[in-house]
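Me: I am new to this structure. Please show it to me, and then let us go through it in short questions.

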Amino acid sequence: MLHLVAILLHCLPLAMGHYDICKSWVTTDNGPSWEFYACQPRAMRMKDYAIVRVDPAGITCGDPPERFCTHENPYLCSDECDASNPDLAHPPKLMFDTEDEGLATYWQSVTWSRYPEPLLANITLSWNKSIELTDDIVITFEYGRPTIMMLEKSLDNGRTWHPYQYYADDCMEAFGMPARRVRDLSTTSANRVLCTEEYSRWVGSKKEKNVRFEVRDRFAIFAGPDLKNVDNLYTRLESAKGLKDFFTVTDLRMRLLRPALGGTYVQRENLYKYFYAVSNIEVIGRCKCNLHANLCTFKEGSLQCECEHNTTGQDCGKCKKNFRSRSWRAGSYLPLPNGSPNACAAAGSAFGNCECYGHSNRCSYIDFLNVVTCVSCKHNTRGQHCQHCRLGFYRNGSAELDDENVCIECNCNQIGSVHDRCNETGYCECKEGAMGPKCDDCLPNYYWRQGCFPNICDEELLICQNGGTCHQNQRCICPAGYKGVLCEQSKCDSESQDCDSASSTYLSLPALLLSALGLQLRCSLDS
Ligand SMILES: *[C@@H]1O[C@H](CO)[C@@H](O)[C@H](O)[C@H]1NC(C)=O
Ligand SMILES: *[C@@H]1O[C@H](CO)[C@@H](O)[C@H](O)[C@H]1NC(C)=O
Ligand SMILES: *[C@@H]1O[C@H](CO)[C@@H](O)[C@H](O)[C@H]1NC(C)=O
Ligand SMILES: *[C@@H]1O[C@H](CO)[C@@H](O)[C@H](O)[C@H]1NC(C)=O
Ligand SMILES: *[C@@H]1O[C@H](CO)[C@@H](O)[C@H](O)[C@H]1NC(C)=O
Ligand SMILES: [Ca+2]
């Protein structure tokens with residue numbers, strides 16, 4: 001049996017062949033390197049991974065024990081359902097077991113003893129993972145298929161539900177919908193939700209047991225009756241809006257609304273023959289990994305894609321940390337035959353080219369400039385790739401760009417420099433009179449006092465006169481009787497007694513120059 005299933009899966013058009021590798025090591029003109037492709041996991045028997053829930057409480061037969069009979073043998077009601085006896089119990093898990101040849105095991109509901117109140121049951125399968133259906137969903141009913149039922153699906157782990165298909169022996173009466181067949185759908189209506197009468201009419205409970213959700217017939221609309229033209233199917237799945245999502249589910253729910261009636265009206269006098277019994281629910285599909293993984297494993301109670309292409313998440317639905325230099329995209333089936341990986345851009349790769357040299361681990365896409373840029377550059381760096389130094393810092397020429405200490409503070413003297421920026425060798429821009437790499441020195445003939453100021457006196461050109469001494473180039477300390485910047489002035493006013501002691505012979509060159517410039521030097525004129 002297992003062998004048979006393996007062969008069956010192998011023969012499914014969407015179970016094999018295409019998109020089964022994510023990357024390969026190839027040799028090119030530039031040497032060997034990885035080549036990446038769109039890839040997807042193999043189809044699996046998804047019933048093995050589903051969590052099942054049957055509602056309402058008490059709908060499963062056997063508690064208390066109950067007798068029932070079949071439509072074929074309506075008056076021999078000697079069969080018994082007893083939840084406390086393993087041989088007579090029919091718990092939900094029997095919808096998912098592997099059956100021995102010929103001996104069906106099944107979940108069974110209570111009988112319709114409360115007629116005319118409807119006999120309602122919900123069977124919900126949850127995967128906590130998006131699944132892409134690759135073959136028909138087949139629900140096998142022992143003792144007759146429901147005369148009214150509905151299949152619902154969820155794409156968000158059961159938060160919202162949508163009708164998937166309606167089933168009734170009379171669609172108009174049950175749902176107010178005309179009966180349609182999936183085989184009659186066209187390319188533009190392949191994802192239509194319809195009501196079908198094909199699986200609800202009474203043909204004998206042994207003759208037809210299956211209710212289908214026809215995935216293959218819908219695929220056949222694009223791939224041809226024998227599903228040979230798979231390329232066209234993949235092209236359509238990629239390009240037709242909503243088509244891929246139509247075959248994607250996280251949960252399925254069978255809403256059983258009225259049991260098999262055996263081809264007649266409900267017979268009130270024998271309600272023991274009305275109930276639901278499901279022996280198998282086959283769901284063949286693959287994990288949805290957005291074409292970024294070819295493996296899907298069962299971990300910690302859930303299926304998870306083994307993501308490639310530097311993606312991550314349960315469905316490979318986002319980029320890995322440090323690979324977010326451009327926005328995430330699903331892989332694509334196109335162009336045929338290998339598709340496009342649409343990998344997340346690795347830092348420094350040809351795609352996104354958003355190396356941040358280790359100074360940032362976040363990139364952001366600026367839409368209107370169409371550029372990807374590093375965000376919050378650290379270590380005093382700045383720029384699209386954190387490749388420049390912040391203002392007030394300069395590049396250490398002997399350090400690599402990814403060195404944490406690549407940017408050195410300029411340290412310009414606040415008073416001596418024009419601003420706190422410096423050039424590539426760390427030189428600051430100095431105010432007049434200042435000098436040195438940091439502008440903390442003064443040019444010759446300047447003195448430092450909260451900045452550089454021109455000398456007032458010195459030992460060469462601006463010599464203090466009349467015995468005055470030069471104090472720190474800032475001023476002349478004049479002997480008694482003299483004043484002026486260079487002590488060149490005699491204090492020979494009316495109060496002064498010693499004007500005469502001044503002598504023109506002491507006049508030095510600068511003083512003469514000053515006098516030549518017409519400055520009033522009263523003492524020398526007086527003498
Ligand atoms: C079955 O599920 C539907 C929602 O999909 C809910 O409205 C309904 O009450 C449920 N029926 C039972 C019998 O639990
Ligand atoms: C669903 O799957 C996610 C991711 O694997 C996991 O974190 C979470 O616990 C699962 N939830 C349940 C209810 O199993
Ligand atoms: C993903 O990142 C690794 C480095 O961590 C790199 O070797 C590999 O080529 C990347 N794959 C893709 C598809 O970019
Ligand atoms: C510049 O970088 C080199 C190499 O990392 C380092 O040895 C040197 O100390 C750095 N210079 C300064 C001024 O930080
Ligand atoms: C930086 O400025 C100093 C002093 O002005 C100069 O000698 C040096 O060449 C400049 N360096 C660069 C790279 O411009
Ligand atoms: Ca079974």
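Me: How are the donor residues of the calcium ion (ligand 6) spaced in sequence?
Reply: This is a predicted model, in which local features need pLDDT of at least 70 and side-chain atom pairs count only at pLDDT 80 or more, while totals for chains, interfaces and linings use all residues. Residues are numbered from 1 along each chain as its sequence is written, chains are lettered from A and ligands numbered from 1 in the order in which they are written, and side-chain values use heavy atoms, without hydrogens and water. The spacing of the donor residues is L-x2-D-x1-E-x5-T-x173-S.

Me: Why does the pair L94 and S279 tie together distant parts of the sequence?
Reply: L94 lies in the loop between β6 (79-81) and β7 (107-108), and S279 in strand β15 (residues 277-282), so the pair joins parts that are 185 residues apart in sequence. Strands are DSSP runs of E, at least two residues, and helices are runs of H or I, at least four, numbered from the N terminus. Both L94 and S279 are buried (under 20% relative accessible area, 1.4 Å probe, protein chains only).

Me: Which protein atoms are the donors of the calcium ion (ligand 6)?
Reply: Donors are N, O and S atoms within 2.8 Å of the metal, or 3.2 Å for Na, K and Ca; water is not among the atoms, so sites may look incomplete. Here the donors lie 2.1 to 2.6 Å from the ion. They are L94 (O), D97 (OD), E99 (OE), T105 (O), T105 (OG1) and S279 (O).

Me: Which residues are closest to the centre of the largest cavity?
Reply: A cavity is a set of points on a 1 Å grid over the protein atoms alone where a 1.4 Å probe fits but cannot get out; lining residues have an atom within 4 Å of a point. The largest cavity holds about 110 Å³ of space, a volume filled by probe spheres set on the points, which are joined across faces, edges and corners. It has 12 lining residues, and the closest to its centre are E132, L133, F219, L237 and Y333.

Me: Which elements give two or more residues to that lining?
Reply: One is a strand and one a helix. They are β8 (121-133) and α4 (230-239).

Me: Which element gives the largest share of the largest nonpolar core?
Reply: A nonpolar core is a set of buried Ala, Val, Leu, Ile, Met, Phe, Trp, Tyr and Cys residues joined through side-chain atoms within 4.5 Å. The largest has 61 residues, with W107, I123, M254 and I281 making the most contacts inside it. The largest share, six residues, comes from β8.

Terms used
Buried means under 20% relative accessible area, exposed over 50%, partly exposed in between (1.4 Å probe, protein chains only). On a 1 Å grid over the protein atoms alone, a cavity is a set of points where a 1.4 Å probe fits but cannot get out, and a pocket is an open set with protein on both sides within 12 Å along at least five of seven lines; lining residues have an atom within 4 Å of a point.
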